[in-house]
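Q: I'm new to this one. Can we go through it together, a bit at a time?
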Amino acid sequence: MNKFRFLTAGESHGKCLTAIIEGLPAGLPIDIEFINQELQRRQQGYGRGQRMKIENDTVEITSGVRFGKTLGSPITLVVKNQDFENWQKIMSVAPEDITDEKAFSTFRPGHADYAGSVKYNQKDLRNILERSSARKTAIEVAVGAVAKLLLKELGITCSSKVTQIGSACCEENFHGEIDIMKDQGDTVGGKFVVEYKNMPIGLGSYVHWDRGIDGRIAQAVMSIPAIKVVEIGTNPLGYKGSEYHDELFIKDDKIHHKTNHAGGIEGGMTNGEDLLVSAVMKPIPTLRKPLKTVDINTKEETEAHFERSDVCAVEACTVVAETRIAWILADEILLKFGGDTLDELKNNYYR
Ligand code: EPS
């Protein structure tokens with residue numbers, strides 16, 4: 001069973017996004033400013049849409065923290081949707097408020113609309129869009145920021161960078177690529193890498209398929225909306241074994257690897273080298289110049305629904321990926337080192 005557990009709730013234009021986290025030790029300092037900075041990072045990046053001008057994501061903590069430190073009890077986080085003010089009637093929970101304002105019936109290819117409408121038997125695709133929207137990644141980042149605070153206590157640090165946007169592999173061309181796509185009413189994806197430093201050895205295991213930390217990280221990153229590829233370390237295609245594998249050497253009584261093609265994971269376990277995770281995000285499927293599709297009501301071919309969206313959200317996605325990896329690392333650390341208090345955890349960790 002997982003040690004660091006949580007659920008999130010909330011629709012894109014509903015009142016708020018909520019999370020309840022369970023499993024953190026007592027005594028962990030909670031820096032709200034840090035959580036808010038992470039939320040701000042997620043809102044940024046060239047190519048974001050109008051929604052990010054409306055929102056100013058900040059967290060409210062309503063349980064589990066007293067005088068700046070965790071109590072060991074469940075922690076509740078709330079991020080308000082500022083845009084709810086404009087959607088109160090449309091997103092009302094009351095049956096008498098039913099309306100077809102903002103309803104839509106033309107599936108966006110590449111989005112959850114079609115499969116979601118069949119699965120949940122919905123004719124108003126708004127009922128699919130609202131929770132499938134990447135808006136929920138805001139509360140996920142807040143949860144990840146709390147996990148990062150635990151990692152920071154153990155000296156584990158994180159960074160990330162965008163390595164490709166569309167066909168542009170050089171940072172100087174990223175904005176140009178996004179501008180071209182915007183002018184064409186199109187969208188663009190890209191690739192990024194996340195790095196965690198000062199990693200402990202032995203998180204994860206080879207003993208069962210579901211205990212490999214590489215598999216857990218891959219799931220956490222792959223299930224971010226629009227992610228299609230996750231890589232750990234160097235993509236091994238085209239390498240010989242003798243070129244790919246990282247030779248070991250000893251210096252000052254410590255064992256190191258000469259290179260880090262493995263990206264810090266061997267045999268489903270962290271090996272003490274930097275953790276390197278890359279991922280590829282597809283272009284966002286909501287297009288100003290819509291693709292061909294079918295209307296769920298008329299069953300006729302038509303053009304896909306368009307509503308306000310981002311041209312490119314790869315930079316924001318790096319923050320989401322960082323924080324999703326933080327969930328897994330926090331969980332594995334608590335599983336391996338345990339402790340009901342931060343002091344107990346630290347004693348076990350540094351022993
Ligand atoms: C997002 C909020 C959404 C979108 C975007 C991400 O807000 P709205 O739908 O009101 O514009 O901007 O989500 C998508 C493009 C999507 O397809 O899910 C956010 O907070 O990141």
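Q: How many disulfides does a search of the whole structure find?
A: Zero. Keep in mind that this is a predicted model.

Q: Remind me, what is a disulfide?
A: A covalent bond between the sulfur atoms of two cysteines.

Q: Take Cys-158. Which cysteine sulfur is closest to its own?
A: The one in Cys-317. The two sulfurs are 13 Å apart, so that is too far for a bond. The cut-off for a disulfide is 2.5 Å between the sulfurs.

Q: And what about Cys-170, how far is its sulfur from the closest cysteine sulfur?
A: The distance is 8.6 Å, to the sulfur of Cys-169. That is too far for a bond as well.

Q: What are the relative accessibilities of Cys-158 and Cys-170?
A: Cys-158 has 27%, so it counts as partly exposed. Cys-170 has 31% and also counts as partly exposed.

Q: New topic: the ligand. Where does it sit?
A: In the largest pocket.

Q: Which residues around the ligand come nearest?
A: There are 14 residues around it. His-13, Arg-42, Arg-51, Ala-134 and Arg-308 come nearest.

Q: What is the class make-up of that shell?
A: Six residues are charged, five are polar and three are nonpolar.

Q: Let's get to the arginines. How far is a polar side-chain atom of Arg-308 from an oxygen atom of the ligand?
A: That distance is 2.6 Å. For Arg-42, a side-chain N or O atom is 2.7 Å from a ligand oxygen. Arg-135 has a side-chain N or O atom 3.2 Å from an oxygen of the ligand.

Q: How much of the ligand's accessible area does the protein cover?
A: The protein covers 93% of it. On its own, the ligand has 470 Å² of accessible area.

Conventions. Residues are numbered from 1 along each chain as its sequence is written. This is a predicted model: local features need pLDDT of at least 70, side-chain atom pairs count only at pLDDT 80 or more; totals for chains, interfaces and linings use all residues. Side-chain values use heavy atoms; hydrogens and water are left out. Buried means under 20% relative accessible area, exposed over 50%, partly exposed in between (1.4 Å probe, protein chains only). A residue is near a molecule or strand if one of its heavy atoms lies within 4 Å of it. A polar contact is a pair of N or O atoms within 3.5 Å; within protein, one must be able to donate a hydrogen and the other to accept it, and residues adjacent in sequence count only if both atoms are side-chain atoms. Accessible areas come from the Shrake-Rupley method with a 1.4 Å probe; for residues, only the protein chains shown count as cover. On a 1 Å grid over the protein atoms alone, a cavity is a set of points where a 1.4 Å probe fits but cannot get out, and a pocket is an open set with protein on both sides within 12 Å along at least five of seven lines; lining residues have an atom within 4 Å of a point. A molecule sits in a cavity or pocket if more than half of its atoms lie within 2 Å of its grid points. Ala, Val, Leu, Ile, Met, Phe, Trp, Tyr, Cys and Pro count as nonpolar, Asp, Glu, Lys and Arg as charged, and the others, Gly among them, as polar.
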